[in-house]
Amino acid sequence: MATYVKSEAQDWAWENLRGEWSTLMTPFTLDDEVDDDALRHNIRHVISLGTRGAGCTWGMGEFWSLTREERIRVYDTFADEAAGQWLIGAHVTHTSEKDMLFLADHAESAGFDLLIAAPPYFVTKTEDQVVDFIRRLADSTNLAIMFYNSPQFGIVMSADGLRQLCDIPNVVGVKEASFNRDLTIEAHRLLGNSAIISAPDEWVLFKGRELGFQQQVMFANTSDWRFDRPGDNNYVQFIDRATQGDIDDAMYEQRLAPVKALSDKWWQYTVAKFGGALPASMCKHWGELMGLRHGHVRPPLSDLDDEEKERLKSELEAVRSASLTPA
């Protein structure tokens, strides 16, 4: 639950957006309803990994497939389970300004700590349109906003466009998921001293050490609950230290690099299979192999087939077994 006023949003972000942040998927029952019990189970599971905070109904949360009522239902379940003891972010992106503002208002009243928003896909073709749209959101809410820069929304903001967004008082930073490493580095160099810039992948931590910038939060990815289990949270431990400037190269190479390589392989395979869409079906099955409850993905995506599921299970078991064996 937000404990700051609007003018304090940036200071709050510097203090609280740290370490590993997760993004949770939206679980569905066999009859395609939002599975509240599974969502609560998953939240408790991710909290037990030591993750600092998490978001719901983000890209991996299949927000594009949810009705407004379902998004509200997920918000309410998320906020109730977090109970003000875990930092939570609501994704409010929508093509309708009225719906975006409705979702933001509900998230704020439900006790969320911050919002994340991306361009209103389909009609947004210029950076000025994006800045104006996000400014309308910022004017309507007291919450901090992280902007989501991703090609999934039809436009990728330049570093200068991101600067204009971060000039809006309660836009506290950017989830820089453009997959353009040069842009990510430019954003860190241009804005990293005045706003939170976060690429959701470990490469940026090593590159920051090389180039002299420091990313303070991994905001946000699925790697915590895909790589870790309760009592075996190497990824969260690594990120917590690395985002403070203490990168444990040996730990990464022995404990994390093999599973990261497997993740990259399956991520790229699934993205290619669905023509560039986020690999939600792969992540849902991977999560179930690690003890979460997810169910199926909604159309137009489809689940991995039985052979793919079995292959992923076998490869994950082999990699985890090898990484747990002392060198």
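In this predicted model, the side chain of D132 makes a polar contact with the side chain of R136, at 3.0 Å. D132 is placed in helix α5. The points below begin with this residue and continue with L49 and N233, the aromatic rings, the charges over rings, and the empty spaces of the model.

**D132 and its surroundings**

- With a relative accessibility of 34%, D132 counts as partly exposed, because that value falls between the 20% and 50% limits.
- R71 lies 61 residues from D132 along the chain, and the C-alpha atoms of the two are separated by 24 Å.

**L49 and N233**

- L49 belongs to the loop between α2 (36-47) and β2, while N233 is found in the loop between α9 (223-227) and α10 (234-242).
- The two loops meet through a polar atom of the N233 side chain, which lies 2.9 Å from the backbone oxygen of L49.
- L49 counts as buried, at 1% relative accessibility.
- N233 is also buried, with a relative accessible area of 19%; this value qualifies because buried means under 20%.
- When neighbours within four places in sequence are left aside, L49 is in contact with D224, W225, D228, R229, P230, N233 and V236.
- On the side of N233, residues up to four places away in sequence are again not counted, and N233 touches L49 and D228.
- D228 therefore appears in the contacts of L49 and in those of N233, where contact means heavy atoms within 4.5 Å.
- L49 and D128 are 79 residues apart in sequence, and their C-alpha atoms are 40 Å apart in space.

**Aromatic pairs**

- The model holds 16 aromatic pairs.
- In one of these pairs, the ring centres of W58 and F219 are 5.3 Å apart and the planes stand at 50°, so the pair is tilted.
- This pair links distant parts of the chain: W58 is in the loop between β2 (53-56) and α3 (68-82), F219 is in strand β8 (residues 217-221), and the two are 161 residues apart.
- Both W58 and F219 are buried.
- For F63 and Y121, the ring centres are 6.2 Å apart and the planes are at 65°, so this pair is edge-to-face.
- F63 lies in the loop between β2 and α3, and Y121 in the loop between β4 (114-117) and α5 (127-140), so the pair ties together parts that are 58 residues apart in sequence.
- F63 counts as buried, at 5% relative accessibility, whereas Y121 counts as partly exposed, at 28%.
- F63 and Y121 belong to one aromatic cluster, together with Y148 and F153.

**Charges over rings**

- R68 lies over the face of F102, at 3.8 Å from the ring centre.
- The charged end of R311 sits over the ring of Y269, and the distance to the ring centre is 5.6 Å.

**Cavity**

- A search of the whole structure finds one cavity of 30 Å³ or more.
- The largest cavity has a volume of about 90 Å³.
- Its lining is made by 11 residues, and those nearest the centre of the largest cavity are F227, N234, R255, R320 and S323.
- At least two lining residues of the largest cavity come from each of α10, α11 (249-273) and α13 (306-323).
- Helix α11 gives the most to this lining, with three residues.

**Largest pocket**

- The largest pocket has a volume of about 710 Å³.
- It is lined by 31 residues, and the closest to the centre of the largest pocket are F179, P200, D201, K260 and W267.
- Two or more residues of this lining are given by each of β6 (171-176), α7 (181-191), α8 (203-211), β8, α9 and α11.
- The largest share of the lining of the largest pocket, six residues, comes from α11.
- Helix α11 thus recurs in both linings, with three residues for the largest cavity and six residues for the largest pocket.
- Strand β8, which gives residues to the lining of the largest pocket, also holds F219 of the tilted pair with W58.

Conventions: Residues are numbered from 1 along each chain as its sequence is written. This is a predicted model: local features need pLDDT of at least 70, side-chain atom pairs count only at pLDDT 80 or more; totals for chains, interfaces and linings use all residues. Side-chain values use heavy atoms; hydrogens and water are left out. Rings of Phe, Tyr and Trp (its six-membered ring) pair if their centres lie within 6.5 Å; planes under 30 degrees apart count as stacked, over 60 as edge-to-face and the rest as tilted. Helices (H or I, at least four residues) and strands (E, at least two) are DSSP runs, numbered from the N terminus. Buried means under 20% relative accessible area, exposed over 50%, partly exposed in between (1.4 Å probe, protein chains only). A charge sits over a ring if NZ of Lys or CZ of Arg is within 6 Å of the ring centre and within 35 degrees of the ring normal. A polar contact is a pair of N or O atoms within 3.5 Å; within protein, one must be able to donate a hydrogen and the other to accept it, and residues adjacent in sequence count only if both atoms are side-chain atoms. On a 1 Å grid over the protein atoms alone, a cavity is a set of points where a 1.4 Å probe fits but cannot get out, and a pocket is an open set with protein on both sides within 12 Å along at least five of seven lines; lining residues have an atom within 4 Å of a point. Grid points are joined across faces, edges and corners, and a volume is the space filled by probe spheres set on the points.
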